[in-house]
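Me: I am new to protein structures and would like a close look at one part of this one. Could you walk me through the sheet and the charged pairs around it, and start with a quick view of the whole chain?

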Amino acid sequence: MLLQLLVWLGCIPWLVRSLAPTDEVTDADLPQSGYLPNHNMQPSIVGSSSFGILWTKTYNDKERWYAKPLVYTPPGQKQLVFTASSQNWIRTVDAVTGAPINARQVQPPFLQSDIGCTDMPDTIGIVGTPVIDPNTNTAYFFAKGYQNKAASGGVAKG
């Protein structure tokens with residue numbers, strides 16, 4: 001009975017809706033090696049003339065990205081890049097053209113000066129890499145800020 005249950009549970013990943021071959025909805029592969037083979041990042045491709053920067057973006061001067069950008073293709077839509085910054089901005093841009101699709105500051109970020117942390121300059125907002133749930137098209141992340149959306153001082157929230 002236990003063996004049958006384990007075999008059945010092992011089949012569940014194949015029953016779940018699959019993602020586009022280059023989607024990356026988590027921070028890394030399961031063994032946390034840092035290498036994801038689905039982005040054509042083999043040395044032969046990276047060293048070729050066909051590899052290069054597709055687009056660049058500039059945002060706020062003091063904005064930092066500690067969270068890794070995620071690549072995701074919602075069902076029936078184009079591929080997106082999802083970013084989250086130290087100033088609590090989340091953005092989605094077209095993965096091919098870099099055109100902005102959506103942007104939102106979820107709350108004012110926590111000021112580094114309020115805790116004296118010198119590891120991160122200026123603001124401490126979203127610093128961990130979000131995770132996208134492909135079954136619900138929902139991004140989950142932790143954003144550090146203040147209670148009642150204050151801009152500084154007061155009690156930390158998050």
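Reply: Happy to! Let us begin with the surface: the protein chain exposes about 10,300 Å², and carbon and sulfur atoms supply 61% of that area. Please keep in mind that this is a predicted model. Buried residues account for 28% of the 158 residues in the protein chain. The chain contains 2 helices and 10 strands, and along the sequence they follow the pattern α-α-β-β-β-β-β-β-β-β-β-β. If you take the contacts between residues at least 6 apart in sequence, 49% of them join residues at least 24 apart.

Now to the sheet. Four strands make up an open sheet in the order 1-2-3-4, and their pairing is antiparallel. Its edges are strand 1 and strand 4 (100-105), each of which pairs on one side only. On average, neighbouring strands of this sheet are turned by 15° against each other, with direction ignored.

Let us zoom in on strand 2 and strand 3. These two run antiparallel and are joined by 5 bridges. To find one pairing on your screen, look for Val81, whose bridge partner in strand 3 is Val93. The loop between strand 2 (80-84) and strand 3 (89-94) holds Asn88. The phi of Asn88 is near 65°, a positive value in a residue other than glycine. Is Asn88 buried or exposed? With a relative accessible area of 0%, Asn88 is buried, because buried means under 20%.

Strand 3 also takes part in charged pairs, so here is the general idea: side chains of opposite charge can pair when their charged atoms come close. The structure holds 2 salt bridges. In one of them, Arg91 pairs with Glu63, and the closest N and O atoms are 2.9 Å apart. This pair links distant parts of the chain: Arg91 sits in strand 3, while Glu63 belongs to the loop between helix 2 (43-46) and strand 1 (70-72), 28 residues apart. Both partners are on the buried side of the cut-off: Arg91 has a relative accessibility of 8%, and Glu63 has a relative accessible area of 3%.

The other charged pair brings together Lys78 and Asp94, with 3.4 Å between the closest N and O atoms. Lys78 lies in the loop between strand 1 and strand 2 and Asp94 lies in strand 3, so this salt bridge ties together parts that are 16 residues apart in sequence. How do the two partners count, as buried or exposed? Lys78 counts as exposed at 51% relative accessibility, because exposed means over 50%. Asp94, in contrast, counts as buried at 7%.

One residue beyond this sheet is worth a visit as well. Asp122 is found in the loop between strand 5 (110-111) and strand 6 (123-124). Although Asp122 is not a glycine, its phi is positive, at about 70°. Asp122 counts as partly exposed, with 26% relative accessibility, whereas Asn88, the other residue with positive phi that we met, is buried.

To retrace the tour on your screen, start at Val81 and cross to its bridge partner Val93 in strand 3. Next, look for Arg91 and its salt bridge with Glu63, then for Asp94 and its salt bridge with Lys78. Finish at Asn88, in the loop between strand 2 and strand 3.

Note on methods. Residues are numbered from 1 along each chain as its sequence is written. This is a predicted model: local features need pLDDT of at least 70, side-chain atom pairs count only at pLDDT 80 or more; totals for chains, interfaces and linings use all residues. Side-chain values use heavy atoms; hydrogens and water are left out. Buried means under 20% relative accessible area, exposed over 50%, partly exposed in between (1.4 Å probe, protein chains only). Contact means heavy atoms within 4.5 Å. Accessible areas come from the Shrake-Rupley method with a 1.4 Å probe; for residues, only the protein chains shown count as cover. A salt bridge is a side-chain nitrogen of Lys or Arg within 4 Å of a carboxyl oxygen of Asp or Glu. Two strands pair if DSSP finds at least two bridges between them. Axes are lines fitted to C-alpha atoms, for helices over the stretch in contact, and angles run from 0 to 180 degrees between N-to-C directions.
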